[in-house]
Every structure is written in structure tokens, then in C-alpha cells.
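Colleague: I am new to reading protein models and would love a close look at one part of this one. Could you pick a charged pair, take me through it slowly, and then show me what else is worth finding on screen?

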Amino acid sequence: MTLWSGGRFDETPADIAWRYTVDHSDRRLLAIDVAGSLAHAAMLHERGLLSDEDHDAIVAGLQQILAAARDGSFEWLDTDEDVHSAVERRLVELVGEPGRRLHTGRSRNDQIALDLRLYLREACDLQAGRLAAFASDLAAQAETHAATIVPFYTHLQQAQAVPLGHHLLAHAWAAVRSRSRFLDLRSRLDVSPLGAGAGGGTSLQLDPASPARDLGFSGVFPNSIDAVGARDLVAEFAWCCAQAMVDVSRLAEELVLWASSEFGWVTFPDAFTTGSSAMPQKKNPDLAELARGRSAGVIGDLVALLALQKGLPLAYNRDLQEDKRHVFGADDVLAGTLEALTAMIAAAEFAPPPPDAWVTALDLAEALVERGVPFRDAHHAVGRLVAGLIAGGRTLVDATAADLVGADERFTPGDVSRIDPASSVAARRSPGGGSVESVHRQVAALRDALGS
Ligand code: ARG
């Protein structure tokens, strides 16, 4: 029995039409949908549109459905078109006639818009929490490795010496921004669309502010067509997920590289790696590879949600039913990825080898700059030194005071100490730069930003 049969429809839908129409992906909205219905029923009662008895019966029935939703015992039928139809069907089974009054002044169009906002509001909080845990674990490793020297890379070539903690914190700060995007979106979600009806409003004297208040929204829709037809916030949520996944995929890629024997920066306990069915010696960083791979699907979810809206006439069209699989998909993948990688980061054992011999070339040039030499001249002087060393089959760590002074007389013998990566890091002073103090300052600032 559909919600619309018995009126103008003589026939029930053909099997093939029904199978193509129904959506089961929204079943996870069951408890949320019932919460919205309770708030709607309370408002109808306040406005005199539901008698005390009808309201009491509806509340009792909805509470029963809510309990079944919570303990997983709710029985879905093949004839339930979507979550809203299932709740109404069950309510009428439980309480009879009063259940048929619940949909007064409401449409599934404003109902699903409400359910999505309620779902996304909670999802934003949960993702923000996971991102905070992820950033905190990175910060803890950064603290441990505040003085572990690694090269940082540009063009995947070793560039300068930095603490490993500085590099890990770069990923942590990206997570902090991802978190703030979810929290920022939450403020835009804070507007209830319930009361917009099918999209044009209603002649009934509803009070949309009442369910909005009950459900913890700060505001009520200003335009009923926008309230039911817009899905920008759904796409924004997917973008928040996609950008977070893309950020995580960059760390994942580095973990894969760092775990290789070529890099040898990190090892993971057996519990966080997988073996090969063929090669007995292999220990693979599959979690990181999957995180990198799954980001592809979340980018796809975002693209699908944008494409779903493109050129769609206002207001509600059934196309919009397709938004849920992408929202839930993006939400689930990001949740699982953050949980797995947070644990993987906590378990990682970092022991990187020293950087290449050349990573302090810029520090040498800066020694001359401190003496008033124009940077371009200092750059050339160190370039000459590098060329001479390469020609002689040597590297920067082999350079002597004589080599330095030979390349530019403004070098002093003491400048040889600048070649050591540890003194390079110790001498770094620029705010936010790669020094040990900076790592500690950043960890404190990051914990402050997370309120932890
Ligand atoms: N299941 C539908 C969706 O998710 C609910 C709204 C259906 N509205 C309608 N007029 N058919 O979009």
C-alpha cells in the first residue's frame, strides 16, 4: 500500500516500477525521522490541529517505533517506499486512525530536507571529533619527534633539514582546518526546513518555529521552495569529506613511501600491516593504500552530488532521492579512514635515516646573507661550492673551511658547523619554521585550537 494509493490511482505500481522507485538507503534515518515526526506532532497539537487524544496516541506509537529503531527490531516491508512511508505505515498499524493525521501540513519533501539536516548536523560533530583525535595523535608523534631530523621535500627532492615533527604537524594542521570546515557547515545547517510542506507552504496555521526549537535549530527557513529544493549543504558536507580524504590521502601516500626500504623512515607493528599471499618477506601498508584509494570514491560522491543538482528545476524532484547514498558513502568512508589512520599513526615507529648531505646548502647561503652579502650572490657562492664538490666526487658534508673560503672569501671557518643538519635546525628562527621550538609551540597551539 503506497502513501498515495486509494485516491486517484486505480492501479498499484508495476513490480518493475516499484523496484526502481523504492529507496532503502534512507533506512538509517529511521530514528531521526521519528524525532522529526514527534516535533511535528507536538506543533500540530499546540496549534489545535491534533486533539489531545490523537496526539497522545501518535506520541505513544512513535515512541514505540523509536524504541524499535534503537534496538534494531523495526520491521521493514518490501512495500515501504522509503523511511517516511515505513514510519507512517507502522504508526497506523500501531495506533490506527490518529496515525493518519500526522502528515497534516507536511510533505515528504520538507520531511526529507529536515532528516538530512538532522543527520548532517550530527555527522559534522562526529567527523569533527574524529579529525580532532587524528590531529592529536599526529601531534603526539610530532612531540616525540620534535628533534628527529628529516629532509623536507620539494619536487620530491630533498630540500632542507627539518624535524620530523614539523612535517607531521603539517598534516595535523590540515586536519584542524578540515575540522573547522565541518563545524562551520554546522552553523549553516542550523535552520529547520520543516513547515515548508511540499514546497509552497500551507493554508494551515502552522508554527515552524516550534519544531525548530524542539529539534535544537536556531532558525527557520525563510523560503519554502528553497527549504525543500536546495541540496547545497549536502554537497558542502561531501566536499568537507572529500577534502579531508584528499588531505589524508597525501599522508597515506607518504606513509606508503616512508615504509618502503628505499625510504626506511617508518615501520608498523604487524597488527597494522598485511602480508602477501605469495611473497613471504612482504609487509604491506595496506591501510594507508586503502585510505589513498578510497579517497577516489569520496571525490566521486562529491561530483555526483553536484551533478545531481545541476540544471535541476526547483523545487523537489525525485532525482534528489539519489543524494543519500553519496552522503552516507562519503560520511562512512571518511569515518572509517580517520579511525584506521589515527590508530595506524599512533602505532607507527619512526626511525628515519639522516638526510642527504646537501640539505643545508641554503643555511650556508644564509650565513653570508647575515654578513650583508646579497642573497643572489650568496646563492651563487654556494652554487659554486656545490659544483666544485660534485666535480671532485665529494658532497657537502665533506666540505672544509678551505672549500668554503675558496668558494667565497666572505665565508669564515666557523661556517662549517652550519653544514650539520642538527645545527641547521637549531639555528632556524623564523616563526612557523622547522625548528625544535617551533614544533613544541605548534603542538601547544594545536591543542589549544582543539580545546584539548
Ligand atoms: N524518499 C524521498 C527522497 O529521499 C522522499 C521525498 C519523496 N517526495 C516525493 N514527492 N516523492 O527524496
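Modeller: Happy to! Let's start with Asp 408, which is buried because its relative accessible area is 6%, under the 20% cut-off for that word. Please keep in mind that this is a predicted model. The side chain of Asp 408 meets that of Arg 410 in a salt bridge, with 3.0 Å from N to O. Arg 410 counts as partly exposed, because its relative accessibility is 39%. So this pair joins a buried residue, Asp 408, to a partly exposed one, Arg 410. As a general point, side chains of opposite charge can pair when their charged atoms come close.

The structure holds 24 salt bridges, and a few others are good to set beside this pair. Find Asp 82 and Arg 108, whose closest N and O atoms are 2.8 Å apart in a salt bridge. This pair links distant parts of the chain, 26 residues apart: Asp 82 sits in the loop between α3 (52–71) and α4, while Arg 108 belongs to helix α5 (residues 108–144). Asp 82 counts as buried because its relative accessibility is 6%.

Now try Arg 101 and Glu 97, a salt bridge in which the closest N and O atoms are 3.6 Å apart. Here Arg 101 is partly exposed, with a relative accessible area of 37%, and Glu 97 is partly exposed too, at 47%.

Salt bridges can also join up into a network, as they do for Asp 80, Arg 89, Arg 90 and Glu 93. Click on Arg 89, and you will find it in helix α4 (residues 83–95). With a relative accessibility of 18%, Arg 89 counts as buried. Apart from neighbours within four places in sequence, Arg 89 is in contact with Phe 74, Glu 75, Trp 76, Leu 77 and Asp 80.

Let's leave the charged pairs and turn to nonpolar residues. The largest nonpolar core has 93 residues, and Leu 62 and Phe 237 touch the most other members. Helix α9 (residues 232–258) gives the most to this core, with 16 residues. Beyond its neighbours within four places in sequence, Leu 62 is in contact with residues including Val 34, Leu 38, Val 87 and Leu 102. There is also a second, separate core of 15 residues, with Leu 368, Ala 381, Leu 389 and Ile 419 among them.

Nonpolar residues appear on the surface as well: Leu 362, Val 369 and Phe 375 form a patch there, with about 200 Å² of accessible area together. Phe 375, found in helix α13 (residues 375–391), counts as partly exposed at 35% relative accessibility.

Finally, have a look at the backbone. Most residues other than glycine have a negative phi, and most peptide bonds are trans. His 155 has a positive phi, near 55 degrees, and Leu 156 has a positive phi of about 55 degrees. His 155 lies in the loop between β1 (149–154) and β2 (157–163), and Leu 156 is placed in the loop between β1 and β2 as well. His 155 counts as exposed at 75% relative accessibility, and Leu 156 is exposed at 57%. For a cis peptide bond, go to the one from Leu 314 to Ala 315, with omega near 0 degrees. You will find Ala 315 in the loop between α10 (286–309) and α11 (323–347).

Note on methods:
Residues are numbered from 1 along each chain as its sequence is written. This is a predicted model: local features need pLDDT of at least 70, side-chain atom pairs count only at pLDDT 80 or more; totals for chains, interfaces and linings use all residues. Side-chain values use heavy atoms; hydrogens and water are left out. Patches are made of residues with over 30% relative accessible area and no salt bridge: like charges are joined within 9 Å, nonpolar side chains (Val, Leu, Ile, Met, Phe, Trp, Tyr) within 5 Å. Accessible areas come from the Shrake-Rupley method with a 1.4 Å probe; for residues, only the protein chains shown count as cover. A salt bridge is a side-chain nitrogen of Lys or Arg within 4 Å of a carboxyl oxygen of Asp or Glu. Helices (H or I, at least four residues) and strands (E, at least two) are DSSP runs, numbered from the N terminus. Buried means under 20% relative accessible area, exposed over 50%, partly exposed in between (1.4 Å probe, protein chains only). A nonpolar core is a set of buried Ala, Val, Leu, Ile, Met, Phe, Trp, Tyr and Cys residues joined through side-chain atoms within 4.5 Å. Contact means heavy atoms within 4.5 Å.
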